[in-house]
Amino acid sequence: MLQVIAKRLALVVPTLFGLSLLLFLWVRALPGGPASALLGERATPERVEQINELYGFNKPILEQYLTYMGRLLSGDFGVSIQTGRPVLEEFANRFPATMELSIVALILAVGIGVPLGYISAKRYGRLPDHVAVVVSLVGITVPVFFLAFILKYFFAVELGWFPPDGRMDARMDATRVTGFYVLDGILTAEWDAAWDAFMHLVLPGIALGTIPLAIIARITRASVLETQGADFVRTARAKGLHDSSIRDRFVLRNAMLPVVTTIGLQLGLLISGAVLTETVFAFSGIGQFLATAIFRRDYPVLQGFILFIAVLYALINLIVDVSYSIIDPRVRVQ
C-alpha cells in the first residue's frame, strides 16, 4: 500500500510542473493586465509602467516564469495585487469557509444521492424510480446561480427562515479556533454561534450540493442496476441466498466503486466551483476572492488558486485509490 501511495505521489510532481507552465502562459495571455485593471481610469502609461516594474511584469516571460518557480519551490506563492498580502495568507483565511461549505454540500449530496439512487434501482420501473429519475434530471439541469437566487429570495427574503448572506451574524462575537465557524462554536461551547453559523450554511449548501446530488444518484442507480444483473449475483440467487444477504454482501459492495470515484471528483468540483454560490450569498470564501481576482487580473492569486486545486485533486484521487483497495481487495492485489 505504501509503495502505491509513493508511486502516485511521484507522478504528481511532473504533472504539477507541467500544469504550472501551462497556467503561467494562460494567465499571461488574458486580455488586459493587472496594472490596467488595478488603476482603472487612472491608468496612464507612466503609472502602468510603474506597476509592471514593481511586480516584474515588464521582464521577459521566461525570466518571469523562472522567478515564479523559484519562489514557488520555496513555498512563496507571491503577493496578491489587489490586497497586497501574501497569497498563502489569503487562502489560509478563506479556505476554511469554502471547505466548510463544500463539506455541507457533499454531506447533502451523498446523504440523499446514494439512498435515492439505490431506491430507484431497487424499484426499477415503478413510481419511486420515475420520481428519482425526474428529481435527478431537474437537479442537473437547474443552473447553480438560478437555484441560489431562488432559495435566497423565498427562504431568506420572503419567509425569513434563513439568513440571506454572510457566514455569521456580524453582531455575534464568537471565538475563532480553526476558522470553521460551526466547529469553533462546538469546541468553545458557544452554541448560539455554532447554530448561527450552521443556519448561514443551509441555503448555500443546498444550492452547491444539488448538482452533485443528482449526479451521485444517477451513478448509484446505474451501478446498482448493472451489478444486480451480474453473473455472480444470479449465481448467488440460484444457490438460494436471501435477497438481503445478496444485497449486503455482493450488490452494494461492488456497486460502490464507481460511486466512490464520483464522490471524490465531486468534492474537488465543489471546492473549485463554489464561485457562483459564494458570490450570491456573499460567503467570504476562496470562490468569492477568486471571482474578484479574475476581474482584477490578479496573476499570483489565479496561479496559486489553480495550483492549489490541482494539488487537492491529486490528494483526493489518492484517497479514492486507497478506498478502492479497502472496498474491493482484488484492486489491492492488481
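**Exercise 1. Is Val157 buried or exposed, and what is its relative accessible area?**

Let's work through this one in steps, keeping in mind that the model is predicted.

- Step 1: place the residue. Val157 belongs to helix 7, which covers residues 144-158.
- Step 2: read the value. The relative accessible area of Val157 is 52%.
- Step 3: apply the cut-off. Exposed means over 50%, so Val157 is exposed.

**Exercise 2. Find the nonpolar patch on the surface that includes Val157, and say which helix gives the most to it.**

- Step 1: collect the members. Val157 is joined in the patch by Phe145, Phe146, Phe149, Ile150, Tyr153, Phe154 and Leu276.
- Step 2: look at the area. Together these residues have about 790 Å² of accessible area.
- Step 3: assign the main contributor. Helix 7 gives the most, with seven residues.

**Exercise 3. Describe how helix 5 and helix 9 pack.**

A friendly reminder before you start: a pair of packed helices is described by the angle between the axes and by the distance between them.

- Step 1: locate the pair. Helix 5 spans residues 87-122, and helix 9 spans residues 191-228.
- Step 2: give the geometry. The angle is about 35 degrees, and the axes are 6 Å apart.
- Step 3: add the handedness. Helix 5 and helix 9 make a right-handed crossing.
- Step 4: sort the contact residues. In the contact of helix 5 with helix 9, 21 residues are nonpolar, eight are polar and three are charged.

**Exercise 4. Examine the phi values of Ala189 and Ala282, and find where each residue lies.**

Most residues other than glycine have a negative phi, and that is the background for this exercise.

- Step 1: take Ala189. Its phi is positive, near 60 degrees. Ala189 sits in the loop between helix 8 (181-187) and helix 9.
- Step 2: check the exposure of Ala189. With a relative accessibility of 45%, Ala189 counts as partly exposed.
- Step 3: take Ala282. Here phi is also positive, at about 50 degrees. Ala282 sits in the loop between helix 12 (275-280) and helix 13 (286-295).
- Step 4: check the exposure of Ala282. Its relative accessible area is 36%, so Ala282 is partly exposed.

**Exercise 5. Summarise the whole chain: how many helices and strands does it have, and what share of its residues is buried?**

- Step 1: count the elements. There are 15 helices and zero strands.
- Step 2: turn to burial. Of the 334 residues, 40% count as buried.
- Step 3: finish with the dimensions. Along the principal axes, the C-alpha atoms fill a box of roughly 85 × 55 × 40 Å.

Terms used. Residues are numbered from 1 along each chain as its sequence is written. This is a predicted model: local features need pLDDT of at least 70, side-chain atom pairs count only at pLDDT 80 or more; totals for chains, interfaces and linings use all residues. Side-chain values use heavy atoms; hydrogens and water are left out. Axes are lines fitted to C-alpha atoms, for helices over the stretch in contact, and angles run from 0 to 180 degrees between N-to-C directions. Helices (H or I, at least four residues) and strands (E, at least two) are DSSP runs, numbered from the N terminus. A crossing is left-handed if the near helix is turned anticlockwise from the far one by less than a right angle, and right-handed if clockwise. Ala, Val, Leu, Ile, Met, Phe, Trp, Tyr, Cys and Pro count as nonpolar, Asp, Glu, Lys and Arg as charged, and the others, Gly among them, as polar. Patches are made of residues with over 30% relative accessible area and no salt bridge: like charges are joined within 9 Å, nonpolar side chains (Val, Leu, Ile, Met, Phe, Trp, Tyr) within 5 Å. Accessible areas come from the Shrake-Rupley method with a 1.4 Å probe; for residues, only the protein chains shown count as cover. A salt bridge is a side-chain nitrogen of Lys or Arg within 4 Å of a carboxyl oxygen of Asp or Glu. Buried means under 20% relative accessible area, exposed over 50%, partly exposed in between (1.4 Å probe, protein chains only).
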